[in-house]
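Me: I would like a careful look at one part of this model, with the cut-offs stated wherever a term depends on them. Please begin from a single residue and work outwards.
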Amino acid sequence: MPYIIGIVLVIVLAIVAANVRIVPQADAFVIERLGSYNTTWENGLHVKVPIIDRIAKKVSLKEAVVDFPPQPVITKDNVTMQIDTVVFFRIVNPKLYTYGVERPMMAIENLTATTLRNIIGDMELDSTLTSRDVINSRITQVLDVATDAWGIKINRVELKNIMPPKEIQDSMEKQMKAERERREKILQAEGEKKSAILVAEGEKESAILRAEAIRESKIREAEGEAEAIIKIQQATAEGIRMINESNPTQAVINLKSLEAFAKAANGKATKIIIPSEIQGIAGLATSIGEIVKEEKEE
């Protein structure tokens, strides 16, 4: 009898151990009882009723990323291109995620493709290529509202690649090349313009400096001449003053006048008019000069 009780206890313990579950962090288990939803287990230790309860679905509550393959879309100006999207989402209600929709990832993919076609269909090619943020925001809003019933929270949607047709890509590359060449020519022209302006400004400053140097030289030369004239006049005035102070006789005055006339003639004058006051002195000076000359000849 004790042996049977021991076997029964072992079986009971085995059954209990087999029905003990530990739910990891950031996970959730959806539990059904007799085929109907019963509860959702959060992280921690849980025990289910044997045979009656079962784990219907194990759900990860972490943010997930799914990369959908390129989808063909047509723009408003009838250009067909391929766009692939990346969806970032998180399960916020394991019950709705389990029972809300069959194959949730396929449902999100189809909903993303449909929404993307609707949005791109109202935009032209150029707007599509330059409005990624607008497209991402609109898709995120639409998907987030639609997936609430599935217990899914769409955090964001990103357009991974936008692939226009080959001929459109070639045309865009040529346009970009032409634009780069245009910018290069503009930059080159602006550089040449700035260089010419700098050269002209340098020549202008050089001419101004040369003109200022010449002007300064002439000013200094004129100041020197004026200073020389002033000194000569001062010397002349000083000589006259000294003569006046010495109270010269009429004979001395006449003799000085004669010397002045001699200097004025300097051997080059053809005709000199001598005032009567100094003619006598001039004759006397001539006679004395002839006597001295004769004595030298003898």
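Is Glu-63 buried, partly exposed or exposed, and what is its relative accessible area?

Reply: Glu-63 is partly exposed, with a relative accessible area of 41%; on this scale buried means under 20%, exposed means over 50%, and partly exposed lies in between, with a 1.4 Å probe and protein chains only. This is a predicted model, in which local features need pLDDT of at least 70 and side-chain atom pairs count only at pLDDT 80 or more, whereas totals for chains, interfaces and linings use all residues. Residues are numbered from 1 along each chain as its sequence is written, and side-chain values use heavy atoms, with hydrogens and water left out.

Glu-63 takes part in a salt bridge with Arg-156, whose closest N and O atoms are 3.6 Å apart; the term stands for a side-chain nitrogen of Lys or Arg within 4 Å of a carboxyl oxygen of Asp or Glu. Because Glu-63 lies in strand β6 (residues 63-67) and Arg-156 in strand β9, the pair ties together parts that are 93 residues apart in sequence. Helices (H or I, at least four residues) and strands (E, at least two) are DSSP runs, numbered from the N terminus. Arg-156, like its partner, is partly exposed, with a relative accessible area of 38%.

A further salt bridge, between Asp-67 and Lys-160, has its closest N and O atoms 2.8 Å apart. This pair also links distant parts of the chain, with Asp-67 in strand β6 and Lys-160 in strand β9, 93 residues apart. Asp-67 is partly exposed at 41%, and Lys-160 is partly exposed at 43% relative accessibility.

The structure holds eight salt bridges, and one of them is placed within a helix: Arg-183 pairs with Glu-179, their closest N and O atoms being 3.2 Å apart. Since the two residues stand four residues apart in helix α6 (residues 166-246), they are separated by about one helical turn. Glu-179, at a relative accessible area of 27%, is partly exposed, and salt bridges that share partners join Glu-179, Arg-182 and Arg-183 into one network.

Strand β9 (152-163) also belongs to the interior, as one of the elements that give two or more residues to the largest nonpolar core; the others are β8 (80-91), α3 and α5 (132-146). A nonpolar core is here a set of buried Ala, Val, Leu, Ile, Met, Phe, Trp, Tyr and Cys residues joined through side-chain atoms within 4.5 Å. Of the 29 residues in this core, those that touch the most other members are Ile-83, Val-87, Leu-116, Ile-135 and Ile-139. Leaving out residues up to four places away in sequence, Leu-116 touches Val-73, Ile-83, Thr-85, Ile-135, Ile-139 and Leu-159, where contact means heavy atoms within 4.5 Å. Apart from this core lies another, of five residues, including Val-23, Phe-29, Ile-31 and Ile-55.

Helix α3 (residues 104-121) also contains Thr-115, which counts as buried at 6% relative accessibility. Beyond its neighbours within four places in sequence, Thr-115 is in contact with Ile-139, Val-142 and Leu-143.

The loop that leads from α5 to β9 holds Trp-150, a buried residue with a relative accessible area of 16%. The C-alpha atoms of Trp-150 and Gly-100 are separated by 4.8 Å, although the two residues are 50 residues apart along the chain. Setting aside neighbours within four places in sequence, the contacts of Trp-150 are Leu-96, Tyr-97, Gly-100, Val-101, Ala-107, Ile-108 and Leu-111.

For the chain as a whole, there are eight helices and nine strands, and buried residues make up 22% of the 298 residues. Among contacts between residues at least 6 apart in sequence, 63% join residues at least 24 apart. The accessible surface comes to about 21,300 Å², of which 58% belongs to carbon and sulfur atoms; accessible areas come from the Shrake-Rupley method with a 1.4 Å probe, and for residues only the protein chains shown count as cover.
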